[in-house]
Amino acid sequence: MGWGDLGAFGEPSKETPNLDQMASEGMLFLDFYTANPLCSPSRAALLTGRLPVRNGFYTTNAHARNAYTPQDIVGGIPDSELLLPELLKKAGYINKIIGKWHLGHRPQFHPLKHGFDEWFGSPNCHFGPFDNRALPNIPVYRDWEMIGRYYEDFKIDLKTGEANLTQIYLQEALDFISKQQASQQPFFLYWAIDATHAPVYASKHFLGTSQRGLYGDAVREIDDSVGKILKHLQKLGISENTFVFFTSDNGAALISAPKQGGSNGRFLCGKQTTFEGGMREPAIAWWPGHIPAGGVSHQLGNVMDLFTTSLSLAGLQPPSDRQIDGIDLLPAILQGKLIDR
């Protein structure tokens, strides 16, 4: 999703009322960046707080090293890296990833081997359909068990763009939150949905509802889902104890345009480039009762900061045996201070 895809960032059709409301109730970050304009290294950076060149997921001018992990690549997140959920366990957190992992397909790279207690989703995006012999369709997991594959058990209609995956991911999130609230268990939820990644999809209820075509339909469904998650937190009475941050892994893809490409607003280029359109992301922090409503920050932020900020919220210190590139954003979020990087 791109910087220019949300109404709060100036998208003229204003089809993201829930994310816009989230911004009005929380803080909008105008100068927030990913760590790499590709999926895998940006996710590795978010979960380790370290630059891709340090955590093993980086691109070069020639061949890529783990920068993109299709099924036939054997690499993944190294055991030597400490991921956010591994550290949060020390504070008693239960951790779940919903959606796209993209840090390795082989068993040794499984999310449950790297701090997550639960997983519903896939090791890769919804590419395909493949012939299922020479190249099988992408698997979908519930924890350790493969429960199906995209295009077979989890349908995606390439002609119409219809798929109910976002609704499935939404229900998984709501159920997980309810379960942890009932047991009064602190939790970390990494909701990593991929509807705006080509081939773009949306559920039947949202198809044809946007002025921006199928891509807009997908954005509208994501917006609606975020709204339902925030309302669920409020209904359960835990919104003031739950820090929520919305952002993207890279800028909107221009290679999918015009029918399935998003908007990077005024910024040049998009995904797969290190121009501003590929690196600057929409970002919203929400924490009722703690973050002053309607805040706008020019703090220079990065997805790596979510690692350090989350540890700070949990009362934990970042690892001291390695270089951590993320900074604690809480002074910027709670007090409006600008931090020198």
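This report covers the sheet, two helix pairs and some local backbone features of a predicted model.

**The sheet**

Five strands make up an open sheet. Their order is β6-β5-β4-β3-β7, and the pairing is mixed. The edges are β6 (145–149) and β7 (187–192). Each has a single partner strand, so one side of each lacks a neighbour in the sheet. From one strand to the next, the twist averages 15 degrees.

Strand β3 (residues 94–100) runs parallel to β7, and six bridges join the two. Among the bridge partners, K96 is matched with L189 of β7. I97 is matched with Y190 of β7. In a regular strand, side chains alternate between the two faces of the sheet.

Is the edge strand β7 enclosed or open to its surroundings? Five of its six residues are buried, so β7 is largely enclosed by the rest of the structure. What β7 lacks on one side is a neighbour in the sheet.

**Helix pairs**

Two packed helices are described by the angle between their axes and the distance between the axes. The table sets out two pairs.

| Helix pair | Angle between axes | Axis distance |
|---|---|---|
| α2 (residues 39–48) and α8 (residues 304–313) | about 20 degrees | 6 Å |
| α1 and α6 | about 50 degrees | 7 Å |

Angles under 35 degrees count as roughly parallel, so α2 and α8 fall in that class. Their crossing is right-handed. On the α2 side, the contact is made by A45, L46, L47 and T48. On the α8 side, M304, L306 and F307 take part. By class, this contact has six nonpolar residues, one polar residue and no charged residues.

Helices α1 and α6, by contrast, are oblique to each other. From α1, the residues in contact are P17, N18, L19, M22 and E25. They meet D223, D224, V226, G227, L230, K231 and Q234 in α6. The contact of α1 with α6 has five nonpolar, three polar and four charged residues.

Helix α1 (residues 17–25) has buried residues at N18, L19, D20, M22 and A23. An α-helix has 3.6 residues a turn, so residues three or four places apart point the same way. Which elements cover the buried residues of α1? They include β1 (27–29), α6 (213–235), β8 (244–246) and β9 (283–286).

**A buried threonine**

T166 lies in helix α5 (residues 165–182). It is buried, with a relative accessible area of 1%. Leaving aside residues up to four places away in sequence, T166 touches A195, Y201, E221 and S225.

**Backbone features in loops**

Most residues other than glycine have a negative phi, and most peptide bonds are trans. Some residues here depart from those patterns.

The A198 to P199 peptide bond is cis, with omega near 0 degrees. P199 sits in the loop between β7 and α6. The bond from A257 to P258 is also cis, with omega near 5 degrees. P258 belongs to the loop between β8 and α7 (276–279).

H102 is not a glycine, yet its phi is positive, at about 65 degrees. This residue is in the loop between β3 and β4 (118–122). Q184 also has a positive phi, near 55 degrees, and is likewise a residue other than glycine. Q184 occupies the loop between α5 and β7.

Are these residues buried or exposed? H102 counts as buried, at 1% relative accessibility. Q184 counts as exposed, at 72% relative accessibility.

Technical notes: Residues numbered from 1 in each chain as written. Predicted model: local features only at pLDDT ≥ 70, side-chain atom pairs only at ≥ 80, totals over all residues. Heavy atoms only, no water. Buried < 20%, exposed > 50% of the residue type's maximum accessible area, 1.4 Å probe, protein only. Helix = DSSP H or I, 4+ residues; strand = E, 2+ residues; numbered from the N terminus. Contact = heavy atoms within 4.5 Å. Pairing = 2+ DSSP bridges. Axes fitted to C-alpha atoms, helices over the stretch in contact; angles between N-to-C directions. Parallel < 35°, antiparallel > 145°, perpendicular 65-115°, else oblique. Left-handed = near helix turned anticlockwise from the far one by under 90°. Nonpolar A, V, L, I, M, F, W, Y, C, P; charged D, E, K, R; others polar.
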